[in-house]
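Here is a short tour to read alongside the sequence and the coordinates. Please keep both open as you go.

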Amino acid sequence: MKKALATLLIASMALGLVACGGTETKQQGGNDTPSTEQGVANKGTEEEVTITYCNFNASGGNEETLNAMYEKFHEEYPNIVVEIETVAYNDYFTAMQTRVSGGTAPDCYELNIENFAAYASKGVLADLSNADTSNFNETALSAFNVDGTQYGLPGNFSNVVLIYNKDLFDQAGVDYPTNDWTWNDVQIAAEKISALGEDIYGIYAPLTYNEFFKVAAQYGGSLLNEDKTAFTINSPENIRAAQMMIDRVLVSNVQPTTEQMGGMGDWDLFQSGRLGMIPTGIWAFNTFTTGCDFEWDIVVEPGGTTKATHFFSNALVVNADSDKKEAAITWITWLASSPEAAQMRIDAGWDLPAIKDEAVLNTYLTVTPPENKAAVFESLDSLVVPPVIEDYAMMSDIITMKLSEAASGKISAEEALNQAQEECEAAITLK
Amino acid sequence: MSKQKKKSGKNKLLQALPFMIPSFIGMIVFSFFPVVISIFLSLTDWNGLEKLTVNTIFEHFVGLENYIKILSGSEFWRVLGHTLYYIVLYIPLVFVASMGIALLLNKKKKGTMVFRVMYYIPVLTSWVAASLIWKWVLSPKYGIFNQILAILGISGPGWLTSEVWAMPGIVLASVWKDMGFFGLFLLSGLQAIDPTYYEAARVDGANKFVTFFKVTLPLVTPSIFFCLIMALINAFQLFPQVQIMTEGGPNGATQVMVERIYTYGFSYFKMGYASAYSWLLFVIIFVLTMIQMRLQNGWVHYES
């Protein structure tokens, strides 16, 4: 029995070994033969290059879209063969960390913004200054530029808009929000909507790092000074922003406390028809379209003294140790910015390509709800990108923790930001 | 004679070797090597991303800095406090629950087998699934737990959303999941008790209560001892339920050792620091287990 067990264990370990070494598995094997022929025909004697590309974004529904994109790419560049590997988000970053440190990283791969910052500062990413970036949206591009070096290309993008429940606005007799609204207008509307019933709330904006750095920017604040050499977390502008967010919960209570939420998610609260407004990502559209049995629409997110809109993007990067950098750059540039790939991305309803080409982007507008989809693009005029520093994850954890302490009433907004400033200074060394 | 014995022992080892080597290789590659390497890594500021070679350790060598930083900071002690809070709640609860199960299942009645299986099912459930279920069970407004309390006229706490009640919530889930496991060990301990002891007790006129405390409990102490060591080690390695149910929150109230190790290693890219953390955890568990081993003579009765 024990022996049988031991054998089983060994067998499973051997399997593990195979799986670890199995990253070379070809997904696109079928395309090899025709491509070589075409390659000879089109580009003379150019040698065929095989590169590996690893991503998480296609997992859970868009693997076929990605494959279709690759087939199109391969028609255009028959001498480049891409072996695509799609890994689920939850396993992706531990796997990638192991592979990078083990020297078996793919030639090019995808990173989210949190991990991008860490990878870029640790010298494992290649300089992409040679890439043709003419088709890209500049703000998106700048998110992956660290101290003047382009380490990543924006593979996609999404932003945040204010989504509102039209029915609740009608019931409360409040005019629908416009692009010119500020948080003061929101506060007035939220109070009227909250007054509709005990279980109805005006707005929900989570007290987290992600929400905060954007609202701070709307009041002219920021988390770091301009050359990123010092934290400015407890600046007067930031305190004003945090105070506004926390007062909504503790003072006017137009936003529910954690206890009032009762373990419910904010999207669920909106879909249950009990929430007036929610600033959230455009990735909520599909869920809300099927989940809401009331009318809803969007506007550009209101601001404080100025406008600032979230921008989220995943970076496509090239492994610094790769010996096929050129081919890898060709592939990720094409994937992220060619009109063909962009069109396929939009047609599949995957996400938005971070490109300038408005003709392609316009096809996105035709899908409703929301009615006012143009707000998605109007938001692009005031994008803010998260501050890219080496210890990004730690900074964001510290700030989120302090803000939620303030939201529970344990400490004041000012104390929260003072403590966050202190802790970040103690734990993080900026360059 | 001793020579002969030694020789035959050697022969047996030779025979066993081919069977052992494969699993040995697995042990060495997947357990021994990483353990040894992590000692060296704990003396570096390696970030877990740069390619790992022998040189890495020299290039990033920082001596005992990681250990000093951890022990002189407040976080380690706070997190250790959370673990102790968990232990204080978890150990008594899990023992009462699993002893109850063991006593119930020790009766020879119809359907006992079915119940034995039922109580063991949580043990076999993956922590991910179990944590998700418990997250729902403990949801303050919509969870079944608070609804049952409401029927009894008690207004339930915020559980995982409350700094005070989050850890007890995790304890509840852990007790539910582990009681079948420890129950099974205690049951085997109960069944190993010689029935003549009970007969003697009955003849002497002992009632059920006295029999339990004077006969059953002392004779089952070896099983209890084993369970106690296992439970304590498990408690210090508390992780999946925390990671899924609260992610260390709210406001860091359920941050525990392994959760910190994971966060530092894979989220903050401080692999050296995380390695030092895990060696400190090892020392704590090792010392506590040694103390338990020493103390066992005082209360564990092995039937001779």
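In what sense do strand 7 of chain A and strand 10 of chain A pair, and over how many bridges? The two strands pair in the antiparallel sense, and four bridges link strand 7 to strand 10 (residues 296-299) of chain A. Please bear in mind throughout that this is a predicted model. The points below start from strand 7, move through the domains of chain A, and end with chain B.

**Around strand 7 of chain A**

- Strand 7 of chain A covers residues 158-165 and is mostly covered, with seven of its eight residues buried.
- In the pairing with strand 10 of chain A, A:Ile163 stands opposite A:Ile298.
- Strand 7 of chain A also pairs with strand 9 (residues 275-281) of chain A, in the antiparallel sense and over five bridges.
- A:Ile163 appears here again, with A:Ile278 of strand 9 of chain A as its bridge partner.
- Another antiparallel pairing, over two bridges, joins strand 7 of chain A to strand 11 (residues 309-312) of chain A.
- In that pairing, A:Ser158 has A:Phe312 of strand 11 of chain A as its bridge partner.

**The five-stranded sheet of chain A**

- Chain A has an open sheet of five strands in the order 2-1-3-12-6, and the pairing in this sheet is mixed.
- Its edge strands are strand 2 (80-86) and strand 6 (153-154) of chain A, each of which pairs on one side only.
- Strand 1 (residues 49-55) of chain A pairs with strand 2 of chain A in the parallel sense, over seven bridges.
- If you would like a spot to look at, find A:Thr50, which stands opposite A:Val81 in strand 2 of chain A.
- Helix 14 (residues 325-337) of chain A lies across strands 1, 2, 3 (108-111), 6 and 12 (315-318) of chain A.
- The angle between helix 14 of chain A and strand 12 of chain A is about 170°.

**Two domains in chain A**

- Chain A is divided into domain 1, made of 49-155 + 315-356, and domain 2, made of 159-311 + 386-427.
- The C-alpha centres of domain 1 and domain 2 of chain A lie 31 Å apart.
- Nine residues from domain 1 of chain A and seven residues from domain 2 of chain A take part in the contact.
- On the domain 1 side, helix 5 (113-121) and helix 6 (138-142) of chain A each supply at least two residues.
- Helix 5 of chain A gives the most to that side, with five residues.
- By class, the side of domain 1 of chain A that touches domain 2 of chain A has six nonpolar, two polar and one charged residues.

**Two enclosed helices of chain A**

- Seven of the nine residues of helix 5 of chain A are buried, so this helix is largely enclosed by the rest of the structure.
- Among the buried residues of helix 5 of chain A are A:Asn115, A:Phe116 and A:Tyr119.
- The cover over the buried residues of helix 5 of chain A includes helix 4 (89-101), strand 3, strand 4 (145-146), strand 12 and helix 18 of chain A.
- Just after helix 5 of chain A comes A:Gly123, with a positive phi of about 70°.
- Helix 18 (residues 392-407) of chain A has 16 residues and reaches 22 Å from its first C-alpha to its last, close to the 22 Å expected at 1.5 Å a residue.
- Because 14 of its 16 residues are buried, helix 18 of chain A is largely enclosed by the rest of the structure.
- A positive phi of about 85° is found at A:Gly409, just after helix 18 of chain A.

**Chain B and its contact with chain A**

- Chain B holds 14 helices and zero strands.
- The C-alpha trace of chain B spans about 75 × 75 × 35 Å along its principal axes.
- Of the 304 residues in chain B, 30% are buried.
- Among the contacts in chain B with a separation of 6 or more, 69% are between residues 24 or more positions apart.
- Where the chains meet, 25 residues of chain B are in contact with 26 residues of chain A.
- Helix 1 (2-41) and helix 13 (257-267) of chain B are the elements that give two or more residues to the side of chain B that touches chain A.
- The largest share of that side, five residues, comes from helix 1 of chain B.
- By class, that side of chain B has eleven nonpolar, eleven polar and three charged residues.

Conventions. Residues are numbered from 1 along each chain as its sequence is written. Chains are lettered from A and ligands numbered from 1 in the order in which they are written. This is a predicted model: local features need pLDDT of at least 70, side-chain atom pairs count only at pLDDT 80 or more; totals for chains, interfaces and linings use all residues. The expected span of a helix is 1.5 Å times one less than its number of residues. A residue is buried if 20 or more other C-beta atoms lie within 10 Å of its own, exposed if 12 or fewer, and partly exposed in between; C-beta atoms are placed from the backbone. Two residues are in contact if their C-beta atoms, placed from the backbone, lie within 7 Å. Ala, Val, Leu, Ile, Met, Phe, Trp, Tyr, Cys and Pro count as nonpolar, Asp, Glu, Lys and Arg as charged, and the others, Gly among them, as polar. Domain bounds come from an automatic or database domain assignment. Two strands pair if DSSP finds at least two bridges between them. Axes are lines fitted to C-alpha atoms, for helices over the stretch in contact, and angles run from 0 to 180 degrees between N-to-C directions.
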